[in-house]
Amino acid sequence: MENQTVATFADDTAVLTLGNNCQESMKKLQDAADKISNWSRLWRIKINETKSVQVNFTNRKFDQIPLIINGKPVPYANEAKYLGMTLDTRLRWKAHVKKKERRTRYKIQQKYTG
């Protein structure tokens with residue numbers, strides 16, 4: 001698959017595609033999703049579409065193109081969590097650092113109040 005990457009870890013899978021524009025990238029992503037759906041049906045592996053999310057990593061404005069897995073649209077999000085990292089649409093660290101800061105403050109508070 002040209003300009004496509006499938007990253008897996010345990011039961012998490014991320015599919016990344018590259019394109020000159022959103023339409024090209026989304027066509028590649030839909031093709032990859034269709035292949036994964038066919039493979040999962042063949043091997044009787046259930047994909048949890050409700051845990052799936054679509055994020056477009058770009059600095060450009062774009063018209064959202066729906067991604068379909070097993071006949072169901074995948075919800076679009078401005079960020080996704082993968083292997084403990086929160087990635088936003090512009091690949092900034094702000095959301096990830098904020099979540100880690102909140103978690104650290106909570107742990108410190110629990111230590112001194114609990």
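Modeller: Here Ala, Val, Leu, Ile, Met, Phe, Trp, Tyr, Cys and Pro count as nonpolar, Asp, Glu, Lys and Arg as charged, and the others, Gly among them, as polar. The model is predicted.

Biologist: By class, how many nonpolar residues does the lining of the largest pocket have?

Modeller: The largest pocket is lined by 45 residues. Of the lining, 14 are polar and seven are charged. The nonpolar residues number 24.

Biologist: Which element gives the largest share of that lining?

Modeller: Elements giving two or more residues include strand S1 (4–9), strand S2 (12–17) and helix H1 (22–42). Nine residues make up the largest share, and they come from H1.

Biologist: Which element supplies the largest share of the largest nonpolar core?

Modeller: In soluble globular proteins, nonpolar side chains tend to be buried together. This core has eight residues, among them Cys22, Met26, Leu29 and Ala33. H1 and S3 each supply at least two. The largest share is four residues, from H1.

Biologist: Which residues does Ile69 touch, leaving out those up to four places away in sequence?

Modeller: Ile69 belongs to the largest nonpolar core. Its contacts, with that limit, are Ala33, Ser37, Ile47, Glu49, Ser52 and Val74.

Biologist: Which residues form the covered face of S5?

Modeller: In a regular strand the side chains alternate between the two faces of the sheet. The uncovered face of S5 holds Glu79 and Lys81. The covered face holds Ala80 and Tyr82.

Biologist: Which residue of S6 stands opposite Ala80?

Modeller: S5 and strand S6 (residues 85–88) pair in the antiparallel sense, over four bridges. Opposite Ala80 stands Leu87.

How values were computed
Residues are numbered from 1 along each chain as its sequence is written. This is a predicted model: local features need pLDDT of at least 70, side-chain atom pairs count only at pLDDT 80 or more; totals for chains, interfaces and linings use all residues. Side-chain values use heavy atoms; hydrogens and water are left out. On a 1 Å grid over the protein atoms alone, a cavity is a set of points where a 1.4 Å probe fits but cannot get out, and a pocket is an open set with protein on both sides within 12 Å along at least five of seven lines; lining residues have an atom within 4 Å of a point. A nonpolar core is a set of buried Ala, Val, Leu, Ile, Met, Phe, Trp, Tyr and Cys residues joined through side-chain atoms within 4.5 Å. Buried means under 20% relative accessible area, exposed over 50%, partly exposed in between (1.4 Å probe, protein chains only). Contact means heavy atoms within 4.5 Å. Two strands pair if DSSP finds at least two bridges between them.
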